[in-house]
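User: I'm new to this one, so could you walk me through how its pieces fit together?
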Amino acid sequence: MSLNTQSSHLVVTFPMDEQQRASLFKTIPPGISVSFLRELNQEGRKQALQAADVLLSWNPRKELTSEEYPLLARLRLLQLLSAGADHLPFDEIPATVTIASNVGAYAEPMAEHVLAMVLALAKQLLKNHHKLAQGEFNQFEMNRMVAGCTVGILGFGSIGKATARLFRGLGCRIHAINSSGRTPEVVDFIGTLQDLDRVLRESDVIVLSIALNKHTRQLIGRPELEVMKPDAVLVNVARAALVDEAALFQHLQDHPQFKAGLDAWWVEPFSTGTFEMAHPFCELPNFIGSPHNSAMVPGVLERAVDLAASNVAAFVEGQPIRGSVSREHYR
């Protein structure tokens with residue numbers, strides 16, 4: 001579907017700095033009017049949302065009130081700045097609205113973060129750092145080679161593919177899982193979630209970069225952890241709810257050779273307004289964590305705005321868009 005660029009209205013629901021606004025206006029077709037919701041008073045917000053053909057949003061649950069969703073009668077596209085869509089209030093968004101996630105916007109820095117976590121865990125950098133701080137010097141403590149290992153990547157979209165390219169550079173074998181069981185990328189195995197046990201069983205490193213939806217929630221629980229190698233390394237840069245929190249903590253306690261790195265948490269400020277850790281993961285010597293900042297490198301938000309704006313431009317001009325979200329995967 002194409003819109004009239006001379007009468008279309010885009011509403012940005014989150015704050016943008018000057019660089020991000022420059023990225024936006026550089027990319028969207030001329031003639032589209034733009035409102036920044038955070039800068040408007042209550043009446044201005046109402047008028048802008050009533051006129052909105054496109055919303056560019058990051059976290060609609062926090063950026064719009066429940067009373068404002070019924071104002072979106074004209075809306076045709078909800079374009080997310082985020083790569084994931086699991087945080088959306090789908091029942092509040094009109095059924096006629098196309099929803100698009102910002103796939104690919106954060107892939108390269110997140111892939112680097114995965115590699116950094118795997119290397120830090122395999123080389124026991126944090127554990128040995130703490131030992132040095134306590135005066136313990138063990139020059140002969142064994143570390144682990146990553147080169148030549150098998151890396152299982154659950155979720156072979158932009159992040160998974162970028163991750164695979166980095167591990168390929170180390171001579172690793174890539175076993176990947178996506179929704180189709182097909183990929184043009186160079187891999188040693190490609191399958192679907194039906195092949196989950198095989199990939200978990202054969203992998204030395206398991207990377208979670210798969211979307212969280214009703215099919216993948218708690219994808220990794222106690223049975224799946226038991227299938228993995230006793231000394232496997234598990235890294236999650238997607239969503240915490242892919243993993244059973246209590247089961248992972250217990251597995252780390254019971255299997256000291258098993259290691260895990262988390263960039264995503266079960267209770268985070270983005271979704272709940274606060275950070276809580278139900279289990280003391282950071283006290284474990286076989287664990288490393290980061291505050292969901294794997295994508296945060298200079299310029300990343302400008303690039304994210306640029307890619308989102310490109311998708312808006314494609315939609316307005318009747319061209320195919322990236323990251324179209326199926327509501328049925330979430331309901």
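User: In what sense do strand 9 and strand 10 pair, and over how many bridges?
Analyst: In this predicted model, strand 9 (residues 205-208) and strand 10 (residues 233-236) pair in the parallel sense, over 4 bridges.
User: And which residue of strand 10 is the bridge partner of V205?
Analyst: The bridge partner of V205 in strand 10 is V233.
User: What order do the strands of the sheet come in?
Analyst: The sheet is an open one formed by 7 strands in the order 8-7-6-9-10-11-12, and the pairing is parallel. Its edge strands, each of which pairs on one side only, are strand 8 (189-191) and strand 12 (287-289), and from one strand to the next the twist averages 10°.
User: Which strands does helix 9 lie across?
Analyst: Helix 9 (residues 245-254) lies across strand 10, strand 11 (259-262) and strand 12, and runs at about 140° to strand 11.
User: Switching to helices: at what angle do helix 4 and helix 6 pack?
Analyst: Helix 4 (residues 107-122) and helix 6 (residues 158-168) pack at about 50°, with their axes 8 Å apart. The two helices are therefore oblique to each other, and their crossing is right-handed.
User: Which residues make that contact?
Analyst: Helix 4 contributes A107, E108, M110, A111, E112, V114, L115 and V118, while helix 6 contributes S158, I159, A162, T163, R165, L166 and F167.
User: How do those divide into nonpolar, polar and charged?
Analyst: The residues in the contact of helix 4 with helix 6 comprise 10 nonpolar, 2 polar and 3 charged.

Note on methods
Residues numbered from 1 in each chain as written. Predicted model: local features only at pLDDT ≥ 70, side-chain atom pairs only at ≥ 80, totals over all residues. Heavy atoms only, no water. Axes fitted to C-alpha atoms, helices over the stretch in contact; angles between N-to-C directions. Parallel < 35°, antiparallel > 145°, perpendicular 65-115°, else oblique. Left-handed = near helix turned anticlockwise from the far one by under 90°. Contact = heavy atoms within 4.5 Å. Nonpolar A, V, L, I, M, F, W, Y, C, P; charged D, E, K, R; others polar. Pairing = 2+ DSSP bridges.
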